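Me: I'd like to go through this one with you before I get back to the bench. Can we take it piece by piece?
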Amino acid sequence: AASTPSTRCAGSRSPLNITPLYALSGLLLTDSVVFSVTSCVTVVLLQCSEQYFFLILDSFNDLYTSYVIFCILLMSVVILVISIFNVEFYAVVPSIPCSRLALIGKIIHPQQVIHSVAHAVMGMLVAWCAAVMTKGKFQFLAVPCTPSESLDDAVPQMCLNEHHLFFLLSGAFMGYSYSLLYLINNMNYLPFPVIQQYKYLRFRRSLPLLVKHTCVESLYFVRNFCVTYYFFGYIPKVWISTTMDLHIDSKLHPLDTLTGLLDLSLFYHAWLCGVFLLITWYIVFLCFALYNTTSDPTFAEETDQCLPKILNSNPPLIIKFLALQDLMLLSQYSPVRRQEVFSLSQPGGHPHNWTAISRECLSLLSDLTQRLIAQQEAAAANGRANDVSSLTYQAESEKISLRSNIAPRASMSSLVKSSLMPLKTSPGSDVGSPFSSPALSCKMGILDVNSPWHGSVQSSQVTRRGPKLWTSGSGRDSSTALEAVQPRVIYTWLQNKQQQNALISSQHPEASIQAVFSDAQMHIWALEGLSHLVAASFTEDQFGVVQTTLPAILNTLLTLQEVVDRHFKLPHVSSKPPRISGSLVDTSYKTLRFALRASLKTALYRITTVFGEHLNAVQVSTEHKKRLQQFLEYKE
Amino acid sequence: LIVNSSPPKLTSEDMIAAFSQAVDWAGCTIRAFAWHPHTSKFAVALLDDSIRVYNSNSATIPSLKHRLQRNVAAMAWKPLCASILAVACQSCVLVWHLDPTSLSTRPSSGCAQVLSYPGHSPVTSLAWAPSGEVLLSASPVNTAMLVWDVSTENCVQLQWFGGGGVTYLAWSPDGSKVLAAAPSAVFRVWEAQMWTCERWPTIKGRCQTGCWSPDGSRLLFTVLGASVIYSLSFSEYRGEMQGQVGGSKTASIVADLSETTFETLYGEERIGGEIHSMVWDPTGERLAVIIRGKKEVLQTVIAVFRTRNSPVFELLPCGFLRGECGAQPQLIAFHPCFKKGALLTVCWSTGKISHIPFFFMSAHVPCTSSSPSPVIASTSVCE
């Protein structure tokens, strides 16, 4: 039935809904802040009540009530600032540092410095709130000194309360550590979940893990802080006491000694403060992540953008992600919206919606194909360059042949092969590397030794982690191949030069592989959405809009599959990073390439299963026709 | 007042034997069976913890062995794929990535991917999503049902409280709902879009087995110790009702298979008893049920029914299947895409596997696979 055409979206009756970014951010921010504040207030009150249940009696004390209210306000400000940082720093595509230089660059980047400083300050504020609310010996920075025996000092002097200072500094340290971990673990990366669930259910299901994780993490932070304070604690102590004209109480034990630090009650309070701080910040982070990555089934009515338009324009990345996720969902679950996609415009009769969607998805996939081909060519060129350097060396040497050097993969000799193949690395070796799984993250989860995935996924060809052929720092590896060679002075000089250059700008192979596939989630959804729509079109497409685009779709998919299969033959690509179970931090970006390969194959099978023998009538190249036949016979 | 004494601890093997769809999992040669969804290929799990894959197009019979592959309770082939097989083992789920064109008879252990989760053992049931994206695994001791993304080895735990773990999983062929039976007298039906569930307490005992109609609008299930088949209907999935399973208020009884006497040419026959497992063919026209007779008095037979789901649900007796002397049916399965009607595969306690065809014209075509019809063989149908 032809209803009045919507002014919002040309060529469709009802627009496919996506809320614009500013509304999205505002909505998310408000929602997450409200939720966080509520939960944090609850946590605060719980903490107070569990420590001092006679607080209820004390609540009639005016001064204390005002303190509590002030603390709650301050906490809300802290949470607001944290939320703002989350919004500013989030990304749907992880930024993976490919070399040591890049990682260092990331840490000293001004943005990151601001992030760390701000978090340290926030940490200090939270610790101050906690110190004030626990009362007792932590409450004030300046306390009257213990009166001395002598009658000379008539006026009581103000001394520095070292416990309070310890608390504040521990808060700052925890804030800074949180910020550092945020950077290292790519916590700004928002992963999209495997299955759709309602936000509240997802939140509730993550809570137990969150609590356990923060308790353990706080323990490590306090321990690290105690060590730091032991060595450097005197600096802030001296600075504060001189600036605020406070004396250091000589009667009490100084805290930056071993006896001072072995105070269990101090440790317990610091740990509890850390748990409180981390729980509130992680809840804020969790709320933000959940709200941003869960697509609401009940979309807002007010919208001025629709799906085909979004896909064709150049919106912010998260909007594109959400749009593709929406496409994936509508293609599977929504017959009504599928009809929209297959519909023709009035009065022209053009399939605008389908054309826009299919063109965008295919261009995404072709773009990925080009990127992979470029990387493969770079890898091949890298091998050829090594060959050149070894050729020049051969001119100097008289004994060895070219074959003993680092040879390009294509012309690997039996000598090199035999020396390289038996080299196996244990699963633990990856844990040590600072890139793919930083040492800190090991503490956060249990390294799953039950599934040591150091083999490939391909059927009988198991490729174990061989030594790095393209990258440097492989002086070790090349040396094993060169044992048969008598080193010459010039050669050793060349080697040292190479190693020096390599150390500075070495490309970590696993990281660079992950970087190529870092936005593969988009492609996975595009594949799923496209293949579901094509499969559904077999029965639901009344006007035949999909049929005309079938050759292009099949060509793109088959080409991409070929390129991905070739890519997986490169070193390191087919080996999986070790799986850490029980961690709060999501590392799914490390295995996106496997998900991409699997969903590419499933997408092709979906189309061939539904269309069956009818696919023989589609115009594709003979090469692709042969591959399609393999798919039809389930031999791929 | 009835005081509940704590039940005796079951070993893993006892648990698997109690909850398996095989009639005599512990003692029989064949422990699990799975047809490939698109080709004429099936996998059989044997008593010696090995799995054999038989293919009608090939003479090679690959035998799959792995050190973690022990006490196989169930197997499932991945849909929309050439040959990926998920195996429910004692301590983990093994996912074999086989090469469909390989002629090797012993694929290496490196082809198997290990999916393990602490506390999730033994795994007694598996179900792939019909769209091939996720794999569900269930264990009776773990209250969480795991949703695996196999390629990245990530899993999401769907947890609930009360009722114990999950013993049996069945995904509706249209991909919209999942039946999850628990060891206690309750089962859950999950909708697979937003993963919310409906809880169905049964009166008499735990849900023993269940199967879905092809369009996911009807669930037939049985309860342990009872001889009746219950039916539960669901509102037709339109895709606009996210978060709702849409089940009707109560289940109704559609068939009673308690002991009855039949007059046959060879005299009187007493047939009937408890229902052990049930399968529905992909066209929705034939239902096969294994009826366990009481001890040695009655034999275990297979009852076949003619069914129809639309416009009204109909269940009519068609006949009984009995094997050779001394052979008890162990496992039953329908071929996923038999073009000439329905093909029922029966694994017998003697170690024989027979395929019984039912030829009829159906309105539904289960799938448009281009594979030729499989080999037809053996035992007769007695009416």
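Reply: Gladly; a word on the annotations first, since UniProt positions are given here in the numbering used for this structure, and such annotations may be inferred rather than shown by experiment. Please also keep in mind that this is a predicted model.

Me: Okay, which residues of chain A does UniProt mark as "transmembrane region"?
Reply: The unreviewed UniProt entry puts that annotation on residues 21-46, 67-93, 113-133, 165-184 and 268-291 of chain A.

Me: Take residues 268-291 of chain A, helix or strand?
Reply: In the model residues 268-291 of chain A are 100% helix and 0% strand, and the C-alpha atoms at the two ends are 34 Å apart. Residues 165-184 of chain A are likewise 100% helix and 0% strand, with 28 Å between their end C-alpha atoms.

Me: Switching topic: which residues make up the nonpolar patch on the surface?
Reply: The patch consists of Val227(A), Tyr230(A), Phe231(A), Phe232(A), Tyr234(A), Ile235(A), Val238(A), Leu258(A) and Leu262(A), which together have about 930 Å² of accessible area. Two elements of chain A, α7 (199-232) and α8 (234-243), each give two or more residues to the patch, and α7(A) gives the most, with four.

Me: And why does Val238(A) count as partly exposed?
Reply: Val238(A), which lies in helix α8 of chain A, has a relative accessible area of 44%. Partly exposed covers values between the buried limit, under 20%, and the exposed limit, over 50%, so Val238(A) with its 44% is partly exposed.

Me: Now chain B. Is strand β15 mostly covered or open?
Reply: Strand β15 of chain B, residues 186-191, is mostly covered, with six of its six residues buried. In a regular strand the side chains alternate between the two faces of the sheet. For β15(B), Val186(B), Arg188(B) and Trp190(B) are on one side, Phe187(B), Val189(B) and Glu191(B) are on the other, and all of these are buried.

Me: Which strands does β15(B) pair with?
Reply: β15(B) pairs in the antiparallel sense with β14(B), residues 177-181, over five bridges, and again in the antiparallel sense with β16(B), residues 197-201, over five bridges. On the β14(B) side, Lys177(B) has Glu191(B) as its bridge partner, while on the β16(B) side Trp190(B) stands opposite Cys197(B).

Me: How many residues sit between the strands in those hairpins?
Reply: The hairpin of β14(B) and β15(B) has four residues between its strands, and that of β15(B) and β16(B) has five, with Trp195(B) taking a positive phi near 55° in the latter hairpin.

Technical notes
Residues numbered from 1 in each chain as written. Chains lettered and ligands numbered in written order. Predicted model: local features only at pLDDT ≥ 70, side-chain atom pairs only at ≥ 80, totals over all residues. Heavy atoms only, no water. Patch = residues over 30% accessible without salt bridge, like charges linked within 9 Å, V, L, I, M, F, W, Y side chains within 5 Å. Areas by Shrake-Rupley, 256 points an atom, 1.4 Å probe, with all protein chains shown as cover. Salt bridge = Lys/Arg side-chain N within 4 Å of Asp/Glu carboxyl O. Buried < 20%, exposed > 50% of the residue type's maximum accessible area, 1.4 Å probe, protein only. Pairing = 2+ DSSP bridges.
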